[in-house]
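Subject: The structure, and what turned up in it

Hi,

Here is the structure I promised to pass on. Have a look at it first, and then read my notes underneath.

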Amino acid sequence: MKRQNTIDYEKQQLIKKQKVVETSSCPYLDTVNRQVLDFDFEKCCSVSLSNLNVYACLVCGKYFQGRGHKSHAYTHSLEAGHHVFINLRSEKVYCLPDGYEIIDPSLDDIRGVLNPRFNTDLVLQLDKNPQWSRALDGSQYYLPGMVGLNNIKETDFVNVVIQSLMRVTPFRNFFLIPENYKDCKSILVHRFGELTRKIWHAKNFKGHVSPHEFLQAVMKASSLRFRIGVQSDPVEFMSWLLNTIHADLKSNSRIRNNNIVHQCFQGELEVVKDGADASRMPFLMLGLDLPAPPLCNDTIPQVSLFNIFKKFDGETVNEVARVRYRVTRLPRYLILHMRRFTKNDFFVEKNPTIVNFPVKNLELKDYLPLPTSNKYDLVANIVHDGKPGEGSYRVFVQCKSEEVWYEMQDLHVAETLPETVGVSEAYMQIYEKQQ
């Protein structure tokens with residue numbers, strides 16, 4: 001009986017220690033500094049570098065592991081006099097070194113930035129009502145979905161692909177709601193979803209987002225084929241990313257709508273080789289060949305999209321492979337790739353030819369032998385500036401809620417005229433089929 005009383009007493013003491021403290025009982029909430037909080041970077045302890053049980057100090061923004069008496073967070077609370085910490089996984093807030101949980105609605109905005117949340121109704125309103133937001137420091141207003149992305153180091157090729165995919169409405173909507181892929185084990189899929197939610201979040205502390213955690217997942221999933229510090233081709237990255245996400249989603253049959261990549265981007269070609277029967281093959285993007293530029297001409301060469309689309313009319317013969325291509329089914333979102341770069345054993349050449357294309361009402365029935373009308377509107381146009389093997393990438397994207405165009409290059413985001421979109425060296429485009 002005496003032993004039982006002792007156990008009951010210890011339980012009561014433990015409950016007291018773990019008691020949840022309301023707002024009025026925590027004297028340290030006014031020390032929380034939202035200006036230093038940044039949840040975009042890899043969530044590892046700044047001392048042990050472990051990613052297990054990590055807390056963020058809401059006073060200085062640093063990450064520490066654990067909250068027990070021997071933990072780095074506990075030590076930091078004593079040495080620095082910082083007392084408010086949030087668990088980066090559970091989103092619970094604690095006061096250290098006392099160890100009690102703090103429940104206070106004033107901390108909900110921090111949870112929202114750490115893990116932005118969307119519901120179906122909110123997602124459906126994104127393209128209908130433009131709602132400008134103001135960054136915490138008041139330095140800038142931003143439009144959710146039109147925020148700049150940090151160039152970590154030579155990662156502009158990633159940024160333009162991400163910004164382009166954010167214009168593909170059903171693809172974006174799928175990743176805005178984590179319940180759609182909660183059973184997927186792919187870190188890449190979850191990091192892409194987190195990045196998508198941060199880009200479209202209306203209550204960020206700052207007017208830009210860092211894709212650092214997504215890039216870490218890319219490097220691991222691609223076995224360093226794409227990595228920070230090494231410039232790569234956005235066309236190759238787009239192809240790898242879509243195929244990898246599709247494979248990762250399809251690997252789990254419990255994921256609803258696990259075919260979202262093919263639903264958005266997959267079309268079909270008929271391929272006819274000399275002396276062989278026709279075969280069908282799927283595609284996620286179409287590569288368009290540019291004519292060779294004149295050797296001695298001071299004017300900038302130009303070509304219409306109509307002329308280079310003849311490659312897929314079922315009649316034009318590829319002289320090298322002796323093959324004909326015919327588009328038999330168009331996707332809802334058509335990705336086009338202008339083959340600007342040619343490589344040989346010594347160097348890379350860039351074709352400067354300007355492609356003349358419509359921004360709205362691209363009627364592919366005029367270009368291809370299709371039975372019905374297929375009109376498309378441009379939603380993203382990736383451009384390469386500079387010399388081959390060097391230079392940088394930027395992208396023009398359409399904001400549906402405002403029906404205006406923006407030019408985006410890393411952190412730079414500026415409204416632009418539709419006329420400027422068509423006078424650039426287009427490298428990759430995404431067209432949306434009119435409904």
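Below are my notes, from the whole chain down to single strands and cysteines.

A word on the ground rules. This is a predicted model, in which local features need pLDDT of at least 70 and side-chain atom pairs count only at pLDDT 80 or more, while totals for chains, interfaces and linings use all residues. Residues are numbered from 1 along each chain as its sequence is written, and side-chain values use heavy atoms, with hydrogens and water left out.

**The whole chain**

The protein chain has 12 helices and 25 strands; helices (H or I, at least four residues) and strands (E, at least two) are DSSP runs, numbered from the N terminus. Its C-alpha trace spans about 95 × 45 × 45 Å along the principal axes. Of the 435 residues, 50% count as buried, where buried means under 20% relative accessible area, exposed over 50%, and partly exposed in between (1.4 Å probe, protein chains only). Among contacts with a separation of 6 or more, 63% are between residues 24 or more positions apart; a contact here means heavy atoms within 4.5 Å.

**The five-strand sheet and its helix**

One open sheet has five strands in the order S2-S1-S3-S4-S5, with antiparallel pairing. Two strands pair if DSSP finds at least two bridges between them. The edges are strand S2 (63-65) and strand S5 (100-102), each pairing on one side only. On average, neighbouring strands of this sheet are turned by 40° against each other, direction ignored. Angles come from axes, which are lines fitted to C-alpha atoms (for helices over the stretch in contact), and run from 0 to 180 degrees between N-to-C directions. Within the sheet, S3 (residues 84-87) and S4 (residues 93-95) are joined by three bridges in the antiparallel sense, and Phe 85 stands opposite Tyr 94 in S4. Helix H2 (residues 72-80) packs on this sheet, touching strand S1 (54-57), S2 and S3, and its direction makes about 125° with that of S2.

**The four-strand sheet**

A second open sheet to look at runs S11-S10-S15-S14, again with antiparallel pairing. Strand S11 (279-283) and strand S14 (313-318) have a single partner strand each, so one side of each is left without a neighbour in the sheet. The twist from one strand to the next averages 30°. Five bridges join S10 (residues 267-273) to S11, with Leu 269 opposite Met 281 in S11.

**Two helices that cross**

The axes of H6 (residues 169-176) and H7 (residues 187-199) come within 8 Å and cross at roughly 105°. That makes H6 roughly perpendicular to H7 (angles under 35 degrees count as roughly parallel, over 145 as roughly antiparallel, 65 to 115 as roughly perpendicular and the rest as oblique). From H6, Phe 171, Arg 172, Phe 175 and Leu 176 meet Val 189, Phe 192, Gly 193, Thr 196 and Arg 197 of H7. By class, this contact has five nonpolar, two polar and two charged residues; Ala, Val, Leu, Ile, Met, Phe, Trp, Tyr, Cys and Pro count as nonpolar, Asp, Glu, Lys and Arg as charged, and the others, Gly among them, as polar.

**Strands towards the C terminus**

Strand S23 (residues 404-409) is mostly covered, with five of its six residues buried. S23 pairs antiparallel with S22 (residues 392-399) over five bridges, and with S24 (residues 412-416) over five bridges. In the hairpin of S22 and S23, Glu 403 takes a positive phi near 60°; in that of S23 and S24, Asp 410 takes a positive phi near 60°.

Strand S25 (residues 426-433) has seven of its eight residues buried. S25 pairs antiparallel with S16 (residues 333-339) over five bridges and with S21 (residues 375-385) over seven. Glu 432 in S25 stands opposite Tyr 333 and also opposite Asp 377.

**Cysteines**

How many disulfides does the structure hold? Zero, with a disulfide taken as a pair of cysteine sulfur atoms within 2.5 Å. The sulfur of Cys 44 is 8.6 Å from the closest cysteine sulfur, in Cys 45, too far for a bond. For Cys 399, the nearest cysteine sulfur is that of Cys 264, 19 Å away. Cys 44 is buried at 19% relative accessible area, and Cys 399 is buried at 4%.

Happy browsing!
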